[in-house]
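This report looks at a sheet, the helices that pack on it, and a cavity. Please have the structure open while reading.

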Amino acid sequence: MLVNLFVTLLVSSAIATDKEGSLLRLDDTKSVKAFIDSAEVVVIGFLENEENRGYKELVAASQKVSSVPSAVCMEKEVWADFNIESDTIILFRKADNSKEELVIAKAKKLDTDGLVNFISVNELRYITEYNQVTAVGLFNSEVKAHLVLFANRGSKDFTELKEQLGALAPEFTGKLLFVLINGGVKANYKSLNYFGLKSSDLPRVGLYDGDSDMKWLLPEGEISTERVRDFCQSFLKGELKNVKQAGEQPKTEL
């Protein structure tokens with residue numbers, strides 16, 4: 001708690017403006033790093049000034065995607081510490097210890113809706129709920145292995161399991177992406193079928209390896225942190241390759 005408070009105060013002290021219709025201003029490298037560390041996903045516009053292309057679009061987009069904190073850094077001396085040479089909007093995320101860059105000069109079209117889509121597609125969390133938008137970011141990530149929690153929203157253990165596995169996910173940053181699939185949504189039946197599951201079978205935990213196109217289910221039983229951790233570690237050690245795969249369906253996206 002004290003660490004989080006320190007980060008909050010550090011970021012707050014570095015803010016030059018926070019007016020309505022403007023973005024948080026980060027004026028030095030320390031405040032930029034603190035802001036990046038302050039949430040699972042953040043967006044920073046490294047923009048020369050408020051008149052430049054991209055600023056007003058980022059302001060508008062940040063209001064539409066309020067779940068992702070946004071800020072701006074206009075100090076070019078700071079840009080050098082992040083290998084930025086020209087106006088760029090960057091989404092930083094912890095789930096796969098990665099970032100997505102939108103170089104303004106290379107963007108043929110830049111509007112608010114496009115920027116909202118850029119943020120939404122790449123907004124991967126420690127546990128990301130699967131849908132048509134997040135699917136793009138999940139499969140574009142360099143981390144190709146997914147630990148999948150299948151659960152029916154509204155069930156008594158849905159929220160508890162989501163929080164439980166979300167807390168475990170940081171242990172596997174850069175190795176596995178944790179994905180939540182709501183089995184009660186018809187659009188997700190294809191994902192369940194891929195693992196040989198039905199909505200009535202849930203909750204269950206599976207693991208998908210995009211590199212080998214192999215998939216496994218955690219054996220039925222309690223979905224405890226310890227069992228899921230062991231399941232993930234067994235995969236990373238290569239111990240699941242000789243274990244019977246889940247389902248019998250041909251290759252498809254999750």
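## Cavity and sheet

The largest cavity holds about 30 Å³ of space. The model is a predicted one. It has 1 cavity of 30 Å³ or more. Which residues line the largest cavity? They are Ala95, Arg125, Tyr126, Ala169, Leu176, Leu177 and Phe178. By class, this lining has 6 nonpolar residues, 1 charged residue and no polar ones. Arg125 is listed in that lining, and Arg counts as charged.

Now the sheet. It is open and built from 5 strands, ordered 6-8-7-9-10, with mixed pairing. Strand 6 (127-129) and strand 10 (214-217) are the edge strands, and each pairs on one side only. From one strand to the next, the twist averages 25°.

Strand 7 (residues 145-151) pairs with strand 9 (residues 204-209). The sense is antiparallel, over 6 bridges. His146 stands opposite Tyr208 in strand 9.

Which helices pack on the sheet, and which strands does each touch? Helix 7 and helix 9 do so, as set out here.

| Helix | Residues | Strands touched | Direction angle |
|---|---|---|---|
| Helix 7 | 158-168 | strand 6, strand 7, strand 8 (177-182), strand 9 | about 165° with strand 7 |
| Helix 9 | 225-236 | strand 7, strand 8, strand 9, strand 10 | about 15° with strand 9 |

Helix 7 touches edge strand 6. Helix 9 touches edge strand 10. Strand 7, strand 8 and strand 9 are touched by helix 7 and also by helix 9.

Notes. Residues are numbered from 1 along each chain as its sequence is written. This is a predicted model: local features need pLDDT of at least 70, side-chain atom pairs count only at pLDDT 80 or more; totals for chains, interfaces and linings use all residues. Side-chain values use heavy atoms; hydrogens and water are left out. Two strands pair if DSSP finds at least two bridges between them. Helices (H or I, at least four residues) and strands (E, at least two) are DSSP runs, numbered from the N terminus. Axes are lines fitted to C-alpha atoms, for helices over the stretch in contact, and angles run from 0 to 180 degrees between N-to-C directions. Contact means heavy atoms within 4.5 Å. On a 1 Å grid over the protein atoms alone, a cavity is a set of points where a 1.4 Å probe fits but cannot get out, and a pocket is an open set with protein on both sides within 12 Å along at least five of seven lines; lining residues have an atom within 4 Å of a point. Grid points are joined across faces, edges and corners, and a volume is the space filled by probe spheres set on the points.
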